[in-house]
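Here are my notes on this one, jotted down as I went through it. Have the model open while you read.

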Amino acid sequence: GGAFGGNRGARPVPPEKGVFPLDHMHLCDLEKKGYLDCLKEKGHTSQKCRQFSRKYLECRMEKNLMAKQEMSELGFGK
């Protein structure tokens, strides 16, 4: 291993499905804020904020913060 137990020369692998890397660069902060604001406004009823949830997930996929997949696989219709 490398410094601090790191594995030198090892190629990083994408996260497993269901694992979400943190957005350290704040690439999807606007979408996250929209979703959280909606939840506060709607009494934390996620069903009423699905459009914001969808935008947030789409942003994460576009920025490679999660694996790309069809929105229908994530519970969203067309």
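1. Start with the annotation. An unreviewed UniProt entry puts the feature "domain: CHCH" at residues 28-62. Keep in mind that what we are looking at is a predicted model. In it, the stretch 28-62 comes out as 74% helix and 0% strand, and its two end C-alpha atoms sit 10 Å from each other.

2. For the whole protein chain, the tally is 2 helices and 0 strands. Of the 78 residues, 21% are buried. If you take contacts between residues at least 6 apart in sequence, 40% of them link residues at least 24 apart.

3. Now helix H2, which runs over residues 50-62. Its 13 residues cover 18 Å from the first C-alpha to the last, close to the expected 18 Å. The buried residues here are Ser-53, Leu-57, Cys-59, Arg-60 and Met-61, and helix H1 (29-41) is part of what covers them. After H2 comes Asn-64, with a positive phi near 60 degrees.

4. What holds Glu-58 and Arg-54 together in H2? Their side chains form a salt bridge, 3.1 Å from N to O. The two residues are 4 apart in the helix, about one turn. Generally, an α-helix has 3.6 residues a turn, so residues three or four places apart point the same way. Neither end of this pair is buried: Glu-58 is partly exposed at 27% relative accessible area, and Arg-54 is partly exposed at 24%.

5. Helix H1 has a pair of this kind too. Lys-33 and Asp-37 meet in a salt bridge at 2.7 Å, N to O, and they are 4 residues apart in H1, so about one helical turn separates them. Lys-33 is partly exposed, with 48% relative accessible area, and Asp-37 is partly exposed as well, at 35%.

6. Another salt bridge joins Lys-42 and Glu-41, where the closest N and O atoms are 3.8 Å apart. Glu-41 counts as exposed at 62% relative accessibility, whereas Lys-42 is partly exposed at 35%. The total count of salt bridges is 4.

7. Gly-34, also in helix H1, is worth a quick look. Is Gly-34 buried or exposed? Its relative accessible area is 19%, and buried means under 20%, so Gly-34 counts as buried. Gly-34 and Gln-51 are 17 residues apart in sequence, and their C-alpha atoms are 9.7 Å apart in space.

8. The residue I would zoom in on is Asp-23, in the segment before H1. Asp-23 is buried but makes no salt bridge. Which side chain of opposite charge is nearest to Asp-23? That is Arg-60, 5.2 Å away; a salt bridge needs the nitrogen within 4 Å of a carboxyl oxygen, so this pair does not qualify. Arg-60 is itself among the buried residues of H2.

9. So what does the Asp-23 side chain have beside it? A polar atom of that side chain lies 2.8 Å from the backbone nitrogen of Leu-27, and the backbone nitrogen of Cys-28 is likewise 2.8 Å from a polar atom of the Asp-23 side chain. Setting aside neighbours within four places in sequence, Asp-23 is in contact with Cys-28, Asp-29, Arg-60 and Leu-65.

Methods
Residues are numbered from 1 along each chain as its sequence is written. This is a predicted model: local features need pLDDT of at least 70, side-chain atom pairs count only at pLDDT 80 or more; totals for chains, interfaces and linings use all residues. Side-chain values use heavy atoms; hydrogens and water are left out. The expected span of a helix is 1.5 Å times one less than its number of residues. Buried means under 20% relative accessible area, exposed over 50%, partly exposed in between (1.4 Å probe, protein chains only). Contact means heavy atoms within 4.5 Å. UniProt positions are given in the numbering used here, feature names are shortened, and annotations may be inferred rather than shown by experiment. Lys and Arg count as positive and Asp and Glu as negative; His and the chain ends are not counted. A polar contact is a pair of N or O atoms within 3.5 Å; within protein, one must be able to donate a hydrogen and the other to accept it, and residues adjacent in sequence count only if both atoms are side-chain atoms.
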